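Here are some exercises to work through with the model open beside you. Try each task before you read its solution.

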Amino acid sequence: MTLETISTNRAFGGVQGVYRHASAACRTDMTFSVFVPDHAPGAKLPVVWYLSGLTCSHANVTEKGEYRAACAKLGLIFVAPDTSPRGEGVPDDPAYDFGQGAGFYVDATEAPYADHFNMWSYITDELPALVREVFPVDSSRQSIMGHSMGGHGALTIGLTYPDRYKAVSAFAPIVAPSQVPWGQKALTGYIRDVREVWRKHDAVALIEDGARVPALLVDQGEADTFLAEQLRPELLAAACEGTGIDLTLRLQPGYDHSYYFISTFMADHLEWHAHRLSA
């Protein structure tokens, strides 16, 4: 695969890069960022995948996530994909919660989105293959995390592939998209009202249907204006109860939905991932 380097910058004893490539899954150019800490020649490093939320691109966490110092200390590669396909010919919607910037980490089946909005395949198949080819990653040591819509993506992907991802965490995730307005709109628009398919993209439904991971870490701001209507972490807590999933759900007083919140607890999450990636 041909990879275009958009920028590289030295930071915290490593290299922060931004890259572009032609995606077969999304049928357009896709941009993503990768931080690689300094390492011994020939070494392979564990990789943390970070999925962003509605309206975001790779740039939000890259510029505001404050992960590089922790990744350099812990020896973690950090990969931040975009949230949807973009560019000429890619369908969009005037609303912020659908279309470009709101791919919801599913493979669309409905026109006009099916040709481009294949974020599930992109995140789970195409981009990992490219990252393995270009960067010094140890594919046996991968983990995944995300924020909001990206928290939904991290939870559903981690629950679907428990042998691939050694750790799964989220900031303010949409835990049950089939039960909240953001998710209902996106799933209807991309997949139609096909409830058996919806359940494969709903963390609470996946757990109800038998999906298991050893542990989950979720941080949620109590001052988050989306908490009651869109996020509903209590549904995840109820789904995990009695399943053997060790859920750590931390409600953080005074914190909202922004990157001020995410950056505050980013190092905690990365240390949690690093511990499991070293096992």
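**Exercise 1.** Find which residues Ser178 is in contact with, leaving aside its neighbours within four places in sequence, and decide whether Ser178 is buried or exposed.

*Solution.* This is a predicted model, so each value below is computed from predicted coordinates.
- Step 1: locate the residue. Ser178 sits in the loop between strand E7 (165–171) and helix H5 (181–191).
- Step 2: list the partners. Beyond its neighbours within four places in sequence, Ser178 is in contact with Gln184, Leu187, Arg195, Trp198 and Asp202.
- Step 3: judge the burial. Buried means under 20% relative accessible area; Ser178 has 18% relative accessibility and therefore counts as buried.
- Step 4: try a distance. From C-alpha to C-alpha, Ser178 and Glu241 are 20 Å apart in space, with their positions 63 residues apart in sequence.

**Exercise 2.** Compare two residues of helix H1, Thr62 and His58: which residues does each contact?

*Solution.* Take them one at a time.
- Step 1: Thr62 lies in helix H1 (residues 58–64), and at 8% relative accessibility it is buried.
- Step 2: leaving aside neighbours within four places in sequence, Thr62 is in contact with Gln16, Ser33, Tyr67, Arg68 and Ala80. With Ser33, there is a polar contact of 2.8 Å between the side chains.
- Step 3: His58, in helix H1 too, is buried with a relative accessible area of 13%.
- Step 4: with the same neighbours left aside, His58 is in contact with Val18, Thr31, Phe32, Ser33, Ala80, Pro81 and Asp82. Ser33 and Ala80 appear in both lists.

**Exercise 3.** Work out where Asp93 is placed and what its side chain lies 2.9 Å from.

*Solution.* Start with the loop.
- Step 1: Asp93 belongs to the loop between strand E5 (77–80) and helix H3 (119–134). Pro112 is found in the loop between E5 and H3 as well, and a cis peptide bond with omega of about 0° joins Ala111 to Pro112.
- Step 2: the relative accessible area of Asp93 is 26%, so Asp93 is partly exposed.
- Step 3: a polar atom of the Asp93 side chain lies 2.9 Å from the backbone nitrogen of Ala95.
- Step 4: not counting residues up to four places away in sequence, Asp93 touches Phe98, Gly99 and Tyr113.

**Exercise 4.** Find which residues have the most contacts inside the largest nonpolar core, and which helix gives the largest share of this core.

*Solution.* Begin with a general idea.
- Step 1: in soluble globular proteins, nonpolar side chains tend to be buried together.
- Step 2: here the largest nonpolar core has 87 residues, and Phe32, Phe78, Tyr190, Met266 and Leu270 have the most contacts inside it. Helix H10 (residues 259–277) supplies the largest share, 8 residues.
- Step 3: look at Tyr190. Beyond its neighbours within four places in sequence, its contacts include Phe98, Gly99, Tyr113 and Phe117.

**Exercise 5.** Describe the largest pocket: how much space lies in it, and which residues lie nearest its centre?

*Solution.* Go from space to lining.
- Step 1: the largest pocket holds about 190 Å³ of space.
- Step 2: of its 14 lining residues, Leu54, Thr55, Cys56, His147 and His257 lie nearest the centre.
- Step 3: the lining divides into 6 nonpolar, 7 polar and 1 charged.
- Step 4: check Thr55. Although not a glycine, Thr55 has a positive phi of about 75°, and with a relative accessible area of 52% it is exposed.

Terms used: Residues numbered from 1 in each chain as written. Predicted model: local features only at pLDDT ≥ 70, side-chain atom pairs only at ≥ 80, totals over all residues. Heavy atoms only, no water. Core = buried A, V, L, I, M, F, W, Y, C linked by side-chain atoms within 4.5 Å. Buried < 20%, exposed > 50% of the residue type's maximum accessible area, 1.4 Å probe, protein only. Helix = DSSP H or I, 4+ residues; strand = E, 2+ residues; numbered from the N terminus. Contact = heavy atoms within 4.5 Å. Polar contact = N/O pair within 3.5 Å; in protein donor to acceptor, adjacent residues only side chain to side chain. 1 Å grid on protein atoms, 1.4 Å probe; cavity = no way out; pocket = protein on both sides within 12 Å on 5 of 7 lines; lining within 4 Å. Points joined across faces, edges and corners; volume = space filled by probe spheres on them. Nonpolar A, V, L, I, M, F, W, Y, C, P; charged D, E, K, R; others polar.
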